[in-house]
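Here are a few exercises to work through with the structure open beside you. Try each task before you read its solution.

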Number of protein chains: 2
Amino acid sequence: MQQVQSGNEPRDPETVIVGVDVGGTKIAAGIVDAHGQVAGRIQMPTDIRDPEHTLQSIASAIKTSIEASGITPSRVKAVGLGIPGMVDPEQGICLLAVNLNWQNVAVQRWLEQELGLPCAIDNDVSAATLGESIYGAGQGMQDMVYLSLGTGVAARAIIHGQLYRGAHGMAGEIGHLVVMPDGPLCRCGARGCLEALAAGPALALAAQTAIAAGKETQLQVYQQRHGTIRSEHIFAAAADNDALALHILRQAGEHIAYGIYLLTMTFDPQLVVIGGGLASDQSPLLIAIRTRAAHLLAQSSASRAMLSTEAIQVTSMQRDAAIIGAAALVARANSQHKREKQ
Amino acid sequence: MQQVQSGNEPRDPETVIVGVDVGGTKIAAGIVDAHGQVAGRIQMPTDIRDPEHTLQSIASAIKTSIEASGITPSRVKAVGLGIPGMVDPEQGICLLAVNLNWQNVAVQRWLEQELGLPCAIDNDVSAATLGESIYGAGQGMQDMVYLSLGTGVAARAIIHGQLYRGAHGMAGEIGHLVVMPDGPLCRCGARGCLEALAAGPALALAAQTAIAAGKETQLQVYQQRHGTIRSEHIFAAAADNDALALHILRQAGEHIAYGIYLLTMTFDPQLVVIGGGLASDQSPLLIAIRTRAAHLLAQSSASRAMLSTEAIQVTSMQRDAAIIGAAALVARANSQHKREKQ
C-alpha cells in the first residue's frame, strides 16, 4: 500500500471518512478515502477525567484532523470510531471500556449531535478486522481471522464475508483463553491466559522478573534509563541479540502460535493477519510464531489440509490500521443499510 | 419431540424427503416430513466392495424406506445423504470417505439418475448440525455449535444462521486438535488428538490396556463374552459403578470439555448441542463434560460472560438425528436456491 504523507489531499476527490482510534492515553485520527489512503493523520492526548471530557477530546481530534488534511469539510460524509472495550454497534453505545472509565456511554448520539455527521462505532479489534477485510490483505475473502497483539491479545473473524460477533459479542476473545493453568495471573481473574503470557505488559513483566532474579541482560540499561521496561525495549534488545530478550519473545511466540493453531482448527480461515503494536514482520516474535505454528499444523493430516504458514501475515497497514479500520465501520454500516433496504 | 413409529404415515400430507445416513457398516434411511418427523425408518448393511455396489445399496435402502413408510412414492420430492468424509456439496461429489473406500465419487449424479429425484449430499456431521438448526434445539438460532461424539469427534458451527464450512471445508474439525502432545497415536498421524483420547475406539482401547495391565473390572466379563470391548460396554459397566469404566468416561469427559471450552472462546455460540453415538444425557461422560466445562468457563470474567453450562445440551433427536440431518440438506439446498434466484 502506498504511503501518503500527513497533510496531503487524498487521491479520491469524492467523499471521505474520518477514522478515529480511541486509546486510553491517546486518540489518533485521520481522513480515509475510498481506497483506504490516509491524510491529516493527527494524535492527541485522551482526556479521561469523565466521559464528557473524553468525548470532547474525541470531537476535537476529529476537527483537528479535518483541518490538518486541508480538505473541504463538506467532503466528510461520516465518522468511524474504534473503542477498546465492549461496544453495541447497533445501539451506538459503549457498554464497558476499562481504560477510558466508560460504562454505558451513548457515544454515537453524542458525537452525531456535536459534529452533525453520521457516526459508527465498534470495538477497536473488530474495526481493525473490518479494515483488513475491506482495504487490506483480506480483501474479497469470505473467511479470515485478524489477531491483535499489543497491550491485549484478541482475535476477530470475518465469516461469510461479514464480521462475526458471536452470541455475546465475544467471538475470538482468545486473549482470555487459559493455555497454562498455573501460569501468571491475568487481569480477568484467571491464570495463564494467552494475554497474561504474550501481551506487551506480560513481556515487560517477564523481563523485570528475570532482572530481579539477577539475570544479566541489556534490558537492565533500559530499566535504568526509563525507570521501567516496555515491550519496545525487549524488541530493541532482541534485535541486538540479547539472550533474555530473545528468550522472552520466543516463549511468547510459542503461546501465540498455539492461539493461531486453535483459531485455525475452529475457523479454518483462508488467512490470518497479525496486527497491533507487537506485530512487525521478521521480528524474533514473528519468526517464533511462524516456526511454532508450522510445527503444530504439521502434526495431523487434518490440520495440514488447512492453513499454510504463508497464510499467516503481518498487516501491511502498520500504524494506520486502527484509523483505516475505524473508517471501515462506516463502509460496513452503509452496506448493511443497503442490504436492509433491498 | 414426539416419537413417530416406523411405518406410520407422517403428519404432514404434503411432500416429504428421504434422509439417508451412510455409515461404513450400515445405511439408515427414513422419510422426513416438514416438521422433522420420521417414518419408514430402516437399516441395511453397507456393501463396500466398490463404489458402484455401495451406491446400489444406498439406492436400495431409499426404495425400501419409501415402501416401509407406506406413503405414495410421488410425495417424495428429494433425497438427502450424510456421508462420513470430505464432501463437496456444490459439485455433489464425495472427495474422500475412508470407511467407504470412496475417493472422488460423483454420488449426487449417480443417485439422481438412478432414482429420478433431486439429491443433496454433505458430510454427516454437517448434516446433523443442519438438522439441529432446522428441526432441533438450535431452531431460529443465528450462532450454534454441534459436537458429534462417536467413532470420531467433530464439530460444526451455524454462523449467521448458515452452516459454516471454512476455507477448506474443515471448520470445527477439533477431533484432530492435539490436546496432549505425548498422548496416544491417532489415525491422522498426530499424537494426543481429541479423537485419540475421547472417541469410542479410544475408550475401548483405554479399557483393553487397563485390563492387560491387570486392572480388576467388570469389563473383563464383557471382553470374555464379546471377544472385544466396545464403548457401549463401558457405559453399561459405568452405570453399574465399575471404577475403571467410570474413570475412563470421566477422563474422556474432561478432554471433550476442553474442546467445548475452545469452541466457546472462538465461536461464542448461543448453544452447544452434543450428538453422536456417545451422547446420552445424565451419563457419567456427560456429567464429566458439564462439570469440567463449568470449571473451565468460570476461570475468566471473559468466558463467564459467554456460554452457560445449561446451554450445553444433548440432542433430543437421538437415533433419528442423522436421518433428519440428511433431510435438512435438502431444506438448505432449497433455501440457497431461493436466495440465488432473488
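**Exercise 1: where the chains meet**

Task: Work out how many residues of chain B are in contact with chain A, and what the interface is made of.

Solution. Start with the head count: 39 residues of chain B are in contact with 40 residues of chain A. Keep in mind that this is a predicted model. Next comes the area. About 3,300 Å² is buried between chain B and chain A, and carbon and sulfur atoms give 59% of that. On the chain B side, B:His160, B:Tyr164 and B:Thr266 put in 18% of the buried area, more than any other three residues.

Now check the pairings. The rule finds zero salt bridges across this interface, but it does find 24 residue pairs in polar contact. Then look at the elements: strand E11 (162-164), helix H8 (243-267) and helix H10 (301-304) of chain B each give two or more residues to the side that touches chain A. H8(B) gives the most, with seven residues. By type, the chain B side splits into 22 nonpolar, 13 polar and four charged residues.

**Exercise 2: two domains in one chain**

Task: Find what joins domain 1 of chain A and domain 2 of chain A.

Solution. First, the bounds: domain 1 covers 16-131 + 319-341, and domain 2 covers 142-315. Their C-alpha centres lie 27 Å apart, and each domain brings 13 residues to the contact. Together they bury about 970 Å², 63% of it on carbon and sulfur atoms. In domain 1, the residues that lose the most area are A:Val125, A:Ser126 and A:Thr129, together 46% of what that side buries.

Second, the pairings. Here the rule finds one salt bridge. A:Arg165 pairs with A:Asp122, with the closest N and O atoms 3.5 Å apart. There are also three residue pairs in polar contact across the domain interface. H3(A) supplies the largest share of the domain 1 side, five residues. That side divides into seven nonpolar, three polar and three charged residues.

**Exercise 3: a valine in a loop**

Task: Decide whether A:Val178 is buried or exposed, and list what surrounds it.

Solution. A:Val178 sits in the loop between strand E11 (162-164) and helix H4 (194-198) of chain A. The cut-off for buried is under 20% relative accessible area. A:Val178 has 5% relative accessibility, so it counts as buried. Leaving aside neighbours within four places in sequence, its contacts come from both chains: A:Ala190, A:Arg191, A:Gly192, A:Cys193, B:Tyr258, B:Tyr261 and B:Gln299. A:Arg191 is 13 residues away along the chain, yet the two C-alpha atoms are separated by 6.8 Å.

**Exercise 4: sorting salt bridges**

Task: Over all chains the count comes to 16 salt bridges; say how accessible the partners are in the pairs A:Asp47 with A:Arg49, A:Arg156 with A:Glu173 and B:Arg165 with B:Asp122.

Solution. Take A:Asp47 and A:Arg49, at 2.7 Å between the closest N and O atoms. A:Asp47 is partly exposed at 21%, while A:Arg49 is exposed at 62%.

Move on to A:Arg156 and A:Glu173, which meet at 3.1 Å, N to O. The pair links strand E10 to the loop between E11 and H4 of chain A, 17 residues apart. Both partners are buried.

Last, B:Arg165 and B:Asp122 come to 3.5 Å, although they are 43 residues apart in the chain. B:Arg165 is partly exposed at 29%, whereas B:Asp122 is buried at 0%.

Definitions and conventions
Residues numbered from 1 in each chain as written. Chains lettered and ligands numbered in written order. Predicted model: local features only at pLDDT ≥ 70, side-chain atom pairs only at ≥ 80, totals over all residues. Heavy atoms only, no water. Domains from an automatic or database assignment. Contact = heavy atoms within 4.5 Å. Buried area = accessible area lost by both parts, 1.4 Å probe. Salt bridge = Lys/Arg side-chain N within 4 Å of Asp/Glu carboxyl O. Polar contact = N/O pair within 3.5 Å; in protein donor to acceptor, adjacent residues only side chain to side chain. Helix = DSSP H or I, 4+ residues; strand = E, 2+ residues; numbered from the N terminus. Nonpolar A, V, L, I, M, F, W, Y, C, P; charged D, E, K, R; others polar. Buried < 20%, exposed > 50% of the residue type's maximum accessible area, 1.4 Å probe, protein only.
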